[in-house]
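Two colleagues sit down to practise reading a structural model, one feature at a time. The learner asks, and the teacher answers.

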Amino acid sequence: MMNNVVETRGLTVRRGRRTVIDRLDLAVPRGAVVGLLGPSGSGKTTLMRAIVGVQVVADGTVTVLGRPAGSAPLRGRVGYMTQQASIYEDLSVRANLRYFARVRGAPAAEVEHVLERTDLTAQADQLARTLSGGQANRVSLAAAMLGSPDLLVLDEPTVGLDPVLRADLWDIFRGLAETGTTLLVSSHVMDEATRCDRLLLMREGEVISDLTPEELLESTGAQSAEEAFLSIIEADAADAADAADAADIGVGTASTTDAVGTSGTDAPAVRAAGRPTSPEVTPPGYRPRHRRDAVPRSRSQGGRDGDVQGEETP
Amino acid sequence: MTPRRTLATAGRVLLQIRNDPRTIVLLLVVPSLLIGLVAWIFDETEVFASIGPAMLALFPFIVMFLVTSISTLRERRSGTLERLLSMPMGRGDFILGYTLAFGLLAVVQTSVAVAYATLVCGLEIEGSVGLLFVVAVADALLGTSLGLLASAFARTEFQVVQFMPGLVFPQILLGGIFLPRGQLPGVLEVIGDWLPLSHAIDALTAVATGDEDAGYVWLRVFFIACWVVGAVTVGSLTLRRRTS
């Protein structure tokens, strides 16, 4: 019996010539709400697509519930909520869910159940086109919940929602986790980090930290999750820049020069120099690739990665 | 592939169209209007008797081509296709569901068009009306399968609409409506003979005039069916679960 719902080994994803995810090792334990946080373009959506099995993977393996990601038996056990609502605008909410339930092989009664759970009963007969963004989002979530999947992969489920709706959704997530569902939730709203059991912080296709919200705050000494996150991202960016500089002037450590020599890509290749060799990521897994001071830097210093609130495009 | 998912998909597509009354009206009325116009232009000549059946072949084909290519493209772009393919949904379920729904729609559309052409415009059908429907449905499925194929090669709605002149017009021009294929230059005649719409036009003309036997018509239907199977096969290969 495996304890990890998701395991990746050396996962590499390329989009065009760009390496979006570079040799990623990752483990997600069962029955938790795992937050996948990172700035825009850090590879969160790509990683989720790889876990669901709809992403072309260049190298490495992704194992979900003990099977290769995307294999036929998993399609009924993994629920996926894409970033856009992904529902039929010209069908009513109920008709949308009925259709997805029939495709999933879930009993029709479950439609009413998920409607209730996502607080959409009042909108059930409305055409999806007429819904607000938040309502459409919840229909999408409801569709992903059909068939009681063991793993729910939710890509920015709370984006564009007001704080009240966001809190409601997190209550739903918590409730699902309590019934044994594992949730992988991406977000770039850092305040949501504190609602997760575990956090995976991503930057440029790499998981730079794997820790609990408490550890995040403790290790950085920051007041809020957002501040803590920024300090980690900026420290990481600075490390990457240092490594690049060192390599440029030829005084880098052996591993740095080696990494530059073996790989033709830009930043990810350079950063690979400091990659931990052990795939172990069990908490407390805060894994700095170089020693760094945990004091938050000034925002201006990390300017190029300051856009943590931006929209992520896949 | 399971009947449950195929039927669920067909039902869902029909429900989407039912929620769009304007499209229904356009689907049912436009062919009759155009057939009426052609009948009026060639009033008191023999022309309508010869091109009327061919027109019955054009509408299901063109309309289904457009409807399928655009709705499949919409599924690809809206993320619903990705959602379906991450679920236990067979690619065959998806395509067959669409084919079933649009095939049914083609039957209704053809009924209206044939009724109008015969009762109002005075087109005479000498052969079997049942056979006429078989050809019309085959024709609609041809449009559906080619539309599905076209949608795989288009990234935007603008592009997919451009496939209409690209894939459909040559078939109309070389199909023998305007000029019998025998009078075309050699190369074009050969091309025309291999295009599926030519055979739909031949078959419908044969049913209308009653000049040929049922075997002739079925052979043409078989030829169209081969095209449909080919296009659906290639089209289903383009529905990839994994995309980059």
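The dialogue below goes through the interface, the cores and one chain's fold.

Q: What kind of model is this?
A: This is a predicted model, and local features are taken up where pLDDT is at least 70.

Q: How should I read the size of an interface, and how much area do chain A and chain B bury between them?
A: Interface size is often given as the accessible area lost when the parts come together. Here, chain A and chain B bury about 2,700 Å² between them, with 52% of it on carbon and sulfur atoms. In terms of residues, 34 from chain A are in contact with 27 from chain B.

Q: Which three residues supply more of the area that chain A buries against chain B than any other three?
A: Look at A:Arg75, A:Tyr99 and A:Val103, which together supply 24% of that area.

Q: How many salt bridges and polar contacts link the two chains?
A: For a salt bridge, the nitrogen of a Lys or Arg side chain has to lie within 4 Å of a carboxyl oxygen of Asp or Glu. Between chain A and chain B the count is 2. One to display is the pair A:Arg49 and B:Glu82, whose side chains meet at 2.5 Å, N to O. The interface also has 21 residue pairs in polar contact, counting those where both residues have pLDDT 80 or more.

Q: Which elements of chain A supply the side that touches chain B?
A: At least two residues each come from α1 (44-52), β6 (78-81), α2 (93-104) and α4 (133-145) of chain A. The largest share, 6 residues, belongs to α2(A). By type, this side of chain A divides into 18 nonpolar, 10 polar and 6 charged residues.

Q: Now for the interior. Which residues touch the most other members of the largest nonpolar core?
A: A core is traced through buried nonpolar residues whose side-chain atoms lie within 4.5 Å. The largest one here has 76 residues, and A:Leu97, A:Phe100, A:Leu183 and A:Leu201 touch the most other members. Leaving out residues up to four places away in sequence, A:Leu97 touches A:Val111, A:Val114, A:Leu115, A:Val139, A:Ala142, A:Ala143 and A:Leu146. There is also a second, separate core of 43 residues, including B:Ile35, B:Met55, B:Leu123 and B:Val168.

Q: And what is chain B made of, in helices and strands?
A: Chain B has 10 helices and 0 strands. Of its 244 residues, 49% count as buried. To see how the chain folds back on itself, take the contacts between residues at least 6 apart in sequence: in chain B, 79% of these join residues at least 24 apart.

Terms used
Residues numbered from 1 in each chain as written. Chains lettered and ligands numbered in written order. Heavy atoms only, no water. Buried < 20%, exposed > 50% of the residue type's maximum accessible area, 1.4 Å probe, protein only. Contact = heavy atoms within 4.5 Å. Buried area = accessible area lost by both parts, 1.4 Å probe. Polar contact = N/O pair within 3.5 Å; in protein donor to acceptor, adjacent residues only side chain to side chain. Helix = DSSP H or I, 4+ residues; strand = E, 2+ residues; numbered from the N terminus. Nonpolar A, V, L, I, M, F, W, Y, C, P; charged D, E, K, R; others polar.
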